[in-house]
Amino acid sequence: IGELVKALRIVETIPERRIEVATTYTNIAQSLAAIGRMEEAEENVREALKIFAEGDNRDYHYSAAAAVMGVIAYSSGNYKEAAEYYEKAAETVKRIMGENDNYRLLMSNRNSMLELLPENVLKSGENKNVVPTGQEDKRWCRDENKGIVICRKYYEEYGRAMIAEKFSEYEDKIAAG
């Protein structure tokens with residue numbers, strides 16, 4: 001986290017790099033959330049969201065900030081807010097990259113949050129607000145797989161090998177969240 005704070009201080013000195021400042025705040029927030037420092041994580045991600053809002057949340061990196069807010073809301077038991085942030089993140093990914101694996105993962109997180117809301121659960125046990133994610137086997141949707149746990153498993157299954165294969169010369173310099 002210390003190195004990210006140093007990077008933030010550097011990039012803050014460059015006025016035309018506001019998105020990079022927001023992205024760095026997001027990276028700090030992701031790291032803090034991963035170690036359970038949710039209050040600090042929220043402070044940082046809110047700074048990022050303010051900057052992204054200046055550009056109408058049109059940058060792809062906004063999706064990461066929204067997803068971190070989803071993790072933070074989930075950790076405090078605010079499942080409705082978590083679902084809303086995951087959906088915002090997913091819609092940003094969909095708009096820019098299409099309905100890819102990241103989109104489906106974010107929508108899966110959203111659906112998991114909605115399933116935790118008692119007012120949305122129908123008598124049949126189906127959630128009226130859950131939308132298909134394209135992952136019928138639901139391997140990323142199990143109860144023990146929420147938020148950061150899902151992200152970590154996804155990275156272990158797909159990200160680590162891809163980075164080793166395509167970016168081996170930078171592998172020791174890459175942070176994933």
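**A helical chain and its nonpolar core**

In this predicted model, the largest nonpolar core is made up of 37 residues, and V45, Y86 and L106 have the most contacts inside it. Two or more residues of this core come from each of α1 (2–11), α2 (18–34), α3 (38–54), α4 (62–75), α5 (79–97) and α6 (101–115). Helix α4 gives the largest share, 9 residues. In soluble globular proteins, nonpolar side chains tend to be buried together. Leaving aside residues up to four places away in sequence, V45 touches A29, A65, V68, M69 and I72.

The protein chain as a whole has 7 helices and 0 strands. Of its 177 residues, 36% count as buried. The accessible surface comes to about 10400 Å², and carbon and sulfur atoms account for 51% of that. Among contacts between residues at least 6 apart in sequence, 48% join residues at least 24 apart.

Next come the aromatic rings. The structure holds 2 aromatic pairs. One of them is formed by F52 and Y62, which meet edge-to-face, with 6.1 Å from centre to centre and 80° between the planes. Because F52 lies in helix α3 and Y62 in helix α4, this pair ties together parts that are 10 residues apart in sequence. F52 is buried, at a relative accessible area of 1%, and Y62 is buried too, at 6%.

In the pair of Y74 and Y79, the ring centres are 5.9 Å apart and the planes stand at 40°, so this pair is tilted. Y74 counts as partly exposed, at 27% relative accessibility, and Y79 is partly exposed with a relative accessible area of 25%.

A further ring, that of Y85, has K88 over its face, at 4.9 Å from the ring centre.

Notes
Residues are numbered from 1 along each chain as its sequence is written. This is a predicted model: local features need pLDDT of at least 70, side-chain atom pairs count only at pLDDT 80 or more; totals for chains, interfaces and linings use all residues. Side-chain values use heavy atoms; hydrogens and water are left out. A nonpolar core is a set of buried Ala, Val, Leu, Ile, Met, Phe, Trp, Tyr and Cys residues joined through side-chain atoms within 4.5 Å. Buried means under 20% relative accessible area, exposed over 50%, partly exposed in between (1.4 Å probe, protein chains only). Helices (H or I, at least four residues) and strands (E, at least two) are DSSP runs, numbered from the N terminus. Contact means heavy atoms within 4.5 Å. Accessible areas come from the Shrake-Rupley method with a 1.4 Å probe; for residues, only the protein chains shown count as cover. Rings of Phe, Tyr and Trp (its six-membered ring) pair if their centres lie within 6.5 Å; planes under 30 degrees apart count as stacked, over 60 as edge-to-face and the rest as tilted. A charge sits over a ring if NZ of Lys or CZ of Arg is within 6 Å of the ring centre and within 35 degrees of the ring normal.
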